[in-house]
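Work through the following exercises with the sequence and the coordinates side by side. Each task is followed by a solution in steps.

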Amino acid sequence: NTIDTFVRHTVDESATRILAFLNISGMGQLDLEIGELEDLRWARVDRAVDAGRRHAEVLVGIKVRLSAEIAGPNAVAGLDRSIEAAEQLRLPVMIHIGNTAEELGPLLDKLRGGDIVTHAFTGRPPGILDAGGKVIEEAIDARARGVLFDVGHGAGSFSFAVAEPAAEHGFFPDTISSDLHRLNVAGPVFDLATTLSKYLYLDHSLDEVIAMATTRPAAAIGWEDRLGTLRVGAEADIALFRLEEGPVTLVDAMGEKRIGQVLLRPEATVRAGTVFRPLT
């Protein structure tokens, strides 16, 4: 319902590039006591498709949040409507998991190659691990057919207790995102660089971690020819970091702490040739 205003007053006025996944719920997070999909009349496929076509330069997918407090009993129906809209727009669906009323497996089974699971390493069950700490078969099958798994750290959606055993079983994120907002910018997220540092702690190489925040996200939204590259002739969108030697305390969304040995620090951002530096 607010996409026109968002594009006009946020996207068009921003010095950075802003791309968006369109919430299938026209209501969105209007009220913390009434979930945005508890009344399915908010999930209108025709309205979503119209918005997607009207703002194709900004909208790169359809988003649906499936947690019980958001979807109520309508997780499956909300997902089905999201897929219907995405198929008409030829875009991926991104699902938000954690505390779903439905078991995660059947929801994953509905996803198509190229669709995205965010908050994939949440500590809020049901998640990608079974009771024995192994990655569920539906997650393995989903990855095999091209479904992508994203971190989406947030205030409550990244757990070392999930990410560590998942890594032991060879199940790593495809992309790393911060899910930064006003409730986590003062911690535990702080910024994308700190989120990336948590995967350096989890024994990923610097090259792998940077790819998870650049080339892979660009490919996930079909923009690999435009973003996430230092190719000659590409637009000058560049992030510069300093690798600071530790030790550093890293805190997940559940309050669990780990001691890392390196921390990425933002030094500057170049956007379309203009240099921006951190305020602090």
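## Exercise 1: Asn-184 and its surroundings

Leaving out residues up to four places away in sequence, Asn-184 touches Gly-154, Ala-155, Asp-179, Val-189 and Phe-190. The model is a predicted one.

Task: state where Asn-184 is placed, and decide whether Asn-184 counts as buried or exposed.

Solution. Begin with the position along the chain: Asn-184 belongs to the loop between helix 7 and helix 8. Next take the relative accessibility, which is 0% for Asn-184. Since buried means under 20% relative accessible area, Asn-184 counts as buried.

## Exercise 2: Thr-175

Task: find which side chain makes a polar contact with the side chain of Thr-175, and classify Thr-175 by its relative accessible area.

Solution. Thr-175 also lies in the loop between helix 7 and helix 8, and its relative accessible area of 8% makes Thr-175 buried. When its neighbours within four places in sequence are set aside, the residues in contact with Thr-175 are Phe-149, Asp-150, Val-151, Met-212, Arg-216 and Pro-217. From this list, Asp-150 is the residue whose side chain makes a polar contact with the side chain of Thr-175, at 2.7 Å.

## Exercise 3: Helix 8

Task: explain why helix 8 can be called largely enclosed by the rest of the structure, and describe what is found at its N-terminal end and after the helix.

Solution. Helix 8 covers residues 192–201, and 8 of its 10 residues are buried, so the helix is largely enclosed by the rest of the structure. The buried residues are Ala-193, Thr-194, Thr-195, Leu-196, Ser-197, Lys-198, Tyr-199 and Leu-200. As for their partners, the buried residues of helix 8 pack against two helices, helix 7 (160–168) and helix 9 (206–213), and against two strands, strand 6 (237–251) and strand 7 (257–271). Turning to the ends, the N-terminal end is capped by Asp-191, which has a side-chain oxygen 3.3 Å from the backbone nitrogen of Ala-193. Helix 8 is followed by Asp-203, with a positive phi near 75°.

## Exercise 4: Asp-237

Task: determine how far apart Asp-237 and Val-270 are in sequence and in space, and which backbone nitrogen the side chain of Asp-237 reaches.

Solution. Asp-237 is in strand 6, and at 25% relative accessibility Asp-237 counts as partly exposed. Although 33 residues separate Asp-237 from Val-270 in sequence, the two are 5.3 Å apart in space, C-alpha to C-alpha. Beyond residues up to four places away in sequence, Asp-237 touches Arg-17, Leu-227, Val-270, Arg-271 and Ala-272. Of these, Ala-272 offers the backbone nitrogen that the side chain of Asp-237 reaches at 3.2 Å.

## Exercise 5: Helix 2 against helix 4

Task: describe the packing of helix 2 and helix 4 by angle and distance, then give the handedness of the crossing and the residues that meet.

Solution. Helix 2 (residues 45–54) packs with helix 4 (residues 75–89) at an angle of about 35°, and their axes are 9 Å apart; the crossing is right-handed. On the side of helix 2, Val-45, Ala-48, Val-49, Gly-52 and Arg-53 meet Arg-81, Glu-84, Ala-85, Gln-88 and Leu-89 of helix 4. Sorted by class, this contact has 5 nonpolar, 2 polar and 3 charged residues.

Definitions and conventions. Residues numbered from 1 in each chain as written. Predicted model: local features only at pLDDT ≥ 70, side-chain atom pairs only at ≥ 80, totals over all residues. Heavy atoms only, no water. Axes fitted to C-alpha atoms, helices over the stretch in contact; angles between N-to-C directions. Helix = DSSP H or I, 4+ residues; strand = E, 2+ residues; numbered from the N terminus. Left-handed = near helix turned anticlockwise from the far one by under 90°. Contact = heavy atoms within 4.5 Å. Nonpolar A, V, L, I, M, F, W, Y, C, P; charged D, E, K, R; others polar. Buried < 20%, exposed > 50% of the residue type's maximum accessible area, 1.4 Å probe, protein only. Polar contact = N/O pair within 3.5 Å; in protein donor to acceptor, adjacent residues only side chain to side chain.
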